Amino acid sequence: MAESFRPSEIPSLHIVDHPLIRHKLTIMRMKETGTKEFRELLSEIAMLMAYEITRDFPLRDVEIETPVAPCRAQVLEGKKLGVVPILRAGLGMLDGILSLVPAARVGHIGLYRDPETLAPVEYYAKLPTGIEDRTLIVPDPMLATGGSASAALTLLKEKGAKNIILMCLVSAPEGIRRVAADHPDVPIYVAAVDDRLNDHGYIVPGLGDAGDRIFGTL
């Protein structure tokens, strides 16, 4: 990580620093890791990160009966959850999240990065109903320049979303700063903060093009 970047300078940044995540991410970074294993590991990490993201979701008391006796227990308060992956790489994190919260509604945002300008270009958006009342998790494996993530968050806000969480696997300081500056109200959850971007806008050391490695389109 670049010495000039201190995670503490970004109040909205949360690094999910769990030994299992570190271990799985190391295997994902290896260039010899194949598509099947890469995809499975990404889904597993997404589930672990979703567990951390939902840690503070509110609960309410209910009266139930176990096979032995009545008791007071707790269930989720009914917070409506949506998951809106950024196409295409964000799809690789979707199943892991849904395995933890299967009732979540799913939308999609299609963005690609112009190879010349590195600016995001929107080509598709289909969102769940009632997004103004939902907590939306926006997964995207790589937070590089931050342009695509920032554009996706802007789109969601324009559609009425008020409570959004960005969830990325690997990030660069440049992307974190961009999203934090454009959307200081959006929590950013990442598994790792890498050193920097190279001249092509790729994260260093990173793990390559996440979409290509997920879908085998190298």
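In which strand is V83 found? The tour of this predicted model opens with that residue.

**First stop: V83**

Select V83 and the strand that holds it, β4, which spans residues 80–83. The relative accessible area of V83 is 0%, so the residue is buried. Next, display its surroundings: beyond the neighbours within four places in sequence, V83 is in contact with L94, I97, A104, R105, V106, G107, I137 and P139. To see a stretch of chain in relation to this strand, mark the C-alpha atoms of V83 and A103. These two residues are 20 residues apart along the chain, and their C-alpha atoms are separated by 10 Å.

**Second stop: helix α1**

Proceed to helix α1, residues 19–29, and colour I21, K24, L25, I27 and M28, which are buried. These residues lie on the same side of α1, because they cover an arc of only 155° around the axis. A general property of helices is of use when viewing this pattern: an α-helix has 3.6 residues a turn, so residues three or four places apart point the same way. Turn to the other side of α1 and select P19 and R22, which are exposed.

What do the buried residues of α1 pack against? Their partners are helix α2 (35–53), the strands β11 (163–171) and β12 (188–193), and helix α6 (210–215).

**Third stop: I45 in helix α2**

One residue to select in helix α2 is I45. With a relative accessibility of 0%, I45 counts as buried. Residues up to four places away in sequence aside, I45 touches I21, K24, L25, M28 and L169. Of these, I21, K24, L25 and M28 were coloured at the previous stop as buried residues of α1. For a wider view, mark D185 as well: I45 and D185 are 140 residues apart in sequence, and their C-alpha atoms are 24 Å apart in space.

**Fourth stop: the loop between α1 and α2**

Select T33, in the loop that runs between α1 and α2. Is T33 buried or exposed? T33 has a relative accessible area of 9% and is therefore buried. A polar atom of the T33 side chain lies 2.5 Å from the backbone oxygen of I27. Not counting residues up to four places away in sequence, T33 touches I27, F38 and R213.

**Fifth stop: two cis peptide bonds**

Most peptide bonds are trans. Here, the bond from L87 to R88 is cis, with omega near 0°; R88 is placed in the loop between β5 and α3 (91–100). Another cis peptide bond joins V204 and P205, with omega about 0°. Look for P205 in the loop between β14 (203–204) and α6.

**Sixth stop: the pockets**

Now display the largest pocket, which has a volume of about 710 Å³. It is lined by 31 residues, of which Y112, R113, M142, S148 and D209 are the closest to its centre. Two or more lining residues come from each of β5 (86–87), β7 (108–113), β10 (142–143), α4 (147–158) and α6. The lining comprises 15 nonpolar, nine polar and seven charged residues.

The last selection is the second largest pocket, with about 330 Å³ of space. Among its 16 lining residues, those closest to the centre are T54, F57, L76, L81 and V101. This lining divides into 10 nonpolar, one polar and five charged residues.

Technical notes. Residues numbered from 1 in each chain as written. Predicted model: local features only at pLDDT ≥ 70, side-chain atom pairs only at ≥ 80, totals over all residues. Heavy atoms only, no water. Buried < 20%, exposed > 50% of the residue type's maximum accessible area, 1.4 Å probe, protein only. Helix = DSSP H or I, 4+ residues; strand = E, 2+ residues; numbered from the N terminus. Arc of directions from axis to C-beta. Contact = heavy atoms within 4.5 Å. 1 Å grid on protein atoms, 1.4 Å probe; cavity = no way out; pocket = protein on both sides within 12 Å on 5 of 7 lines; lining within 4 Å. Points joined across faces, edges and corners; volume = space filled by probe spheres on them. Nonpolar A, V, L, I, M, F, W, Y, C, P; charged D, E, K, R; others polar. Polar contact = N/O pair within 3.5 Å; in protein donor to acceptor, adjacent residues only side chain to side chain.
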